[in-house]
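This report introduces a structure to a reader who has not met it before. Please look over the sequence and the model first, and then follow the text below.

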Amino acid sequence: MVQSTSYVQSQTILRALEFAMSKGGFGTNAQQKKAAMSLIKDMKSNASLSGRHQQLTAMLRKGASIAEMMKVADASRRTIFRYLNHFEDAGLDISIADGKYKLK
């Protein structure tokens, strides 16, 4: 389910789950709490699309080349450009200078 969502949707879901966990939003329901913790872990994993998005946006805050992003995300050049397009479609402003892509 999460893999078919957009960048904004998956980041919203992740932030909502993290917020709920920090505020005890699942109360005494251990099964829901465990499921939420597992989902958060999966969504932050580089094996998931949302995890790769998180890693790449962290890199873009500092500035990163396409080659650096390809290595970290274990993805092709084409896939990195597709991710960059997802970010721009979500409203993130990305600039390029000296071969480094960076969030404005």
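Along strand β2 (residues 100-103), which side chains point to one face and are buried, and which point to the other? In this predicted model, the side chains of β2 alternate, with Tyr 101 and Leu 103 buried on one face, whereas Lys 100 and Lys 102 point to the other face and are not buried.

Strand β2 pairs with strand β1 (residues 94-97) in the antiparallel sense, over four bridges, and in this pairing Ile 94 stands opposite Leu 103. The two strands form a hairpin with two residues between them, and Asp 98, which lies in the turn, has a positive phi of about 55°.

The largest nonpolar core has 17 residues, and among them Leu 56, Leu 60, Met 69, Ile 80, Leu 84 and Phe 87 touch the most other members. At least two residues of this core come from each of α3, α4, α5 and β2. A second core, separate from that one, has seven residues, including Phe 26, Ala 36, Ile 40 and Met 43.

The table sets out contacts for two residues, leaving aside neighbours within four places in sequence.

| Residue | In contact with |
|---|---|
| Met 69 | Leu 56, Met 59, Leu 60, Ala 64, Asp 74, Ile 80, Leu 84 and Tyr 101 |
| Ser 65 | Gly 99 and Lys 100 |

Ser 65 is placed in the loop between α3 (49-62) and α4 (66-73). Ser 65 counts as buried because its relative accessibility is 16%, and buried means under 20%.

How values were computed:
Residues are numbered from 1 along each chain as its sequence is written. This is a predicted model: local features need pLDDT of at least 70, side-chain atom pairs count only at pLDDT 80 or more; totals for chains, interfaces and linings use all residues. Side-chain values use heavy atoms; hydrogens and water are left out. Buried means under 20% relative accessible area, exposed over 50%, partly exposed in between (1.4 Å probe, protein chains only). Contact means heavy atoms within 4.5 Å. Two strands pair if DSSP finds at least two bridges between them. A nonpolar core is a set of buried Ala, Val, Leu, Ile, Met, Phe, Trp, Tyr and Cys residues joined through side-chain atoms within 4.5 Å.
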